[in-house]
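Please look over the sequence and the model shown here before reading the briefing that follows.

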Amino acid sequence: MRSRRWDFISENRADFGVQRICRVLGASRAGFYRYLATEQDRAERRAEETRTVAEIRAIHAEHQGAYGAPRVHAELRARGRGINR
C-alpha cells in the first residue's frame, strides 16, 4: 500500500512538483527520495525471491510433494543456499 503513494508521486511529479504532492498527501520528501534511491535494491530482492521460490517448487516436485518445509530447508542448505526456514 505504501508504494502506491510513492508511485503516484513519481508519475505526477513533472506536472505538480514533488514538494506540492508530498504536502497534499502528507508524505515526506525525504521519504520519497529514499524510496527512489532504494528502488534497485528492491528489484534485486524481488528477483532473488522469485529464483528461491522456483527452486523450492522444484525441490518439492522432485520429491513428489513429500517434502515439507523442514526437508526443503535442509535440501536448500545442502545445495549451499544460506536461507532461513
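**Salt bridges and a helix contact**

R79 has a relative accessible area of 37%, and is therefore partly exposed. This residue belongs to a predicted model, in which there are six salt bridges. A network of salt bridges joins E48, R51, E55, E62, E75, R79 and R81.

**The pair E75 and R79**

- R79 meets E75 in a salt bridge between their side chains, with a distance of 3.3 Å from N to O.
- E75 has a relative accessibility of 22%, so this residue counts as partly exposed.

**The bridges of R81**

- One salt bridge joins the side chains of R81 and E48, at 2.8 Å from N to O, and this pair links distant parts of the chain, since E48 lies in helix α4 (residues 39–62) and R81 in the segment after α5 (69–78), 33 residues apart.
- E48 has a relative accessible area of 31%, and is therefore partly exposed.
- R81 also forms a salt bridge with E55, where the closest N and O atoms are 2.4 Å apart, and here too the pair links distant parts of the chain, with E55 in helix α4 and R81 in the segment after α5, 26 residues apart.
- E55 counts as buried, because its relative accessibility is 17% and the cut-off for buried is under 20%.

**The contact of α2 with α3**

- Helix α2 (residues 18–25) packs against helix α3 (residues 29–37) at an angle of about 115 degrees, and their axes are 9 Å apart.
- The angle makes α2 roughly perpendicular to α3.
- V18, Q19 and C22 of α2 make the contact with R29, F32 and Y33 of α3, and these residues divide into four nonpolar, one polar and one charged.

Note on methods. Residues are numbered from 1 along each chain as its sequence is written. This is a predicted model: local features need pLDDT of at least 70, side-chain atom pairs count only at pLDDT 80 or more; totals for chains, interfaces and linings use all residues. Side-chain values use heavy atoms; hydrogens and water are left out. Axes are lines fitted to C-alpha atoms, for helices over the stretch in contact, and angles run from 0 to 180 degrees between N-to-C directions. Helices (H or I, at least four residues) and strands (E, at least two) are DSSP runs, numbered from the N terminus. Angles under 35 degrees count as roughly parallel, over 145 as roughly antiparallel, 65 to 115 as roughly perpendicular and the rest as oblique. Contact means heavy atoms within 4.5 Å. Ala, Val, Leu, Ile, Met, Phe, Trp, Tyr, Cys and Pro count as nonpolar, Asp, Glu, Lys and Arg as charged, and the others, Gly among them, as polar. A salt bridge is a side-chain nitrogen of Lys or Arg within 4 Å of a carboxyl oxygen of Asp or Glu. Buried means under 20% relative accessible area, exposed over 50%, partly exposed in between (1.4 Å probe, protein chains only).
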